[in-house]
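Okay, thanks for coming, everyone. Let me put the thing up on the screen and then walk you through the charged residues.

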Amino acid sequence: MSNSSITVTVKLFAAFGEAYGVSELTLELSPETPVSQVLESSIAQYPQLEQWRDRTRFGLNLEFVSPDTILQDGDEVVLIPPVSGG
């Protein structure tokens, strides 16, 4: 018997947290979903995030991963936009 969905936690920083108004989301996704789909879903909900599409990196369980990395149930995803500081 296979699960029809997985649950992941998404940590939101900078522009992503501002758009959602929260610092964390819990999402139910289809199995075999790549981490890049979290970004695509965010942009679909909040079009102002489009400017970050090509500059956002993905963290998965405290490690940088490629956009095509497949999510597993219980994963923690971080969308990492560019940062600046002094």
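So, straight to Asp75. In this predicted model, Asp75 sits in the loop between strand S4, residues 63-65, and strand S5, residues 76-80. What is the nearest side chain of opposite charge to Asp75? That would be Lys11, and Lys11 is 13 Å away. So here's an acid that is buried and yet has no salt bridge, because a salt bridge needs a nitrogen and an oxygen within 4 Å.

Which side chain does Asp75 have a polar contact with, then? Asn61: the two side chains are joined by a polar contact of 2.9 Å. If you set aside the neighbours within four places in sequence, Asp75 is in contact with Thr7, Val8, Thr9, Leu60, Asn61 and Ile70. So Asn61 turns up both as a polar partner and in that contact list.

Okay, on to the charges that do pair up. How many salt bridges does the structure hold? Four. Let me go through some of them.

Start with Lys11 again. Glu24 makes a salt bridge with Lys11, and the closest N and O atoms are 2.5 Å apart. That one ties together distant parts of the chain: Glu24 belongs to strand S2, residues 24-29, while Lys11 belongs to strand S1, residues 6-12, and the two are 13 residues apart.

Lys11 also has a salt bridge with Glu76, with the closest N and O atoms 3.9 Å apart. Keep in mind that the cut-off is 4 Å. Again, distant parts of the chain are linked, with Glu76 in strand S5 and Lys11 in strand S1, 65 residues apart.

Are these buried or exposed? Somewhere in between, as it goes: Lys11 is partly exposed at 22% relative accessibility, Glu76 is partly exposed at 27%, and Glu24 is partly exposed at 40%. For Lys11, remember that buried means under 20%.

Another pair is Arg53 with Glu50, whose side chains meet in a salt bridge at 2.6 Å, N to O. Both are partly exposed here too: Arg53 has a relative accessible area of 26%, and Glu50 is at 38%. As for networks, salt bridges with shared partners join Lys11, Glu24 and Glu76 into one.

Now let me zoom out to the whole chain. There are two helices and five strands, and from the N terminus on the order is β-α-β-α-β-β-β. The radius of gyration is 13 Å, close to the 12 Å that the globule rule gives for 86 residues, so the chain is as compact as a globular protein of that length. Along the principal axes, the C-alpha trace spans about 50 × 25 × 20 Å.

A few totals for anyone who likes them. Of the 86 residues, 34% count as buried. Take the contacts with a separation of 6 or more, and 53% of them come from residues 24 or more positions apart. The accessible surface of the chain comes to about 5,400 Å², and 50% of that belongs to carbon and sulfur atoms.

To wrap up, go back to the loop: Asp75 is buried with no salt bridge, but its side chain does have that polar contact with Asn61. That's all from me.

How values were computed
Residues numbered from 1 in each chain as written. Predicted model: local features only at pLDDT ≥ 70, side-chain atom pairs only at ≥ 80, totals over all residues. Heavy atoms only, no water. Helix = DSSP H or I, 4+ residues; strand = E, 2+ residues; numbered from the N terminus. Buried < 20%, exposed > 50% of the residue type's maximum accessible area, 1.4 Å probe, protein only. Lys, Arg positive; Asp, Glu negative; His and termini not counted. Polar contact = N/O pair within 3.5 Å; in protein donor to acceptor, adjacent residues only side chain to side chain. Contact = heavy atoms within 4.5 Å. Rg over C-alpha atoms; globule rule 2.2 N^0.38 Å. Areas by Shrake-Rupley, 256 points an atom, 1.4 Å probe, with all protein chains shown as cover.
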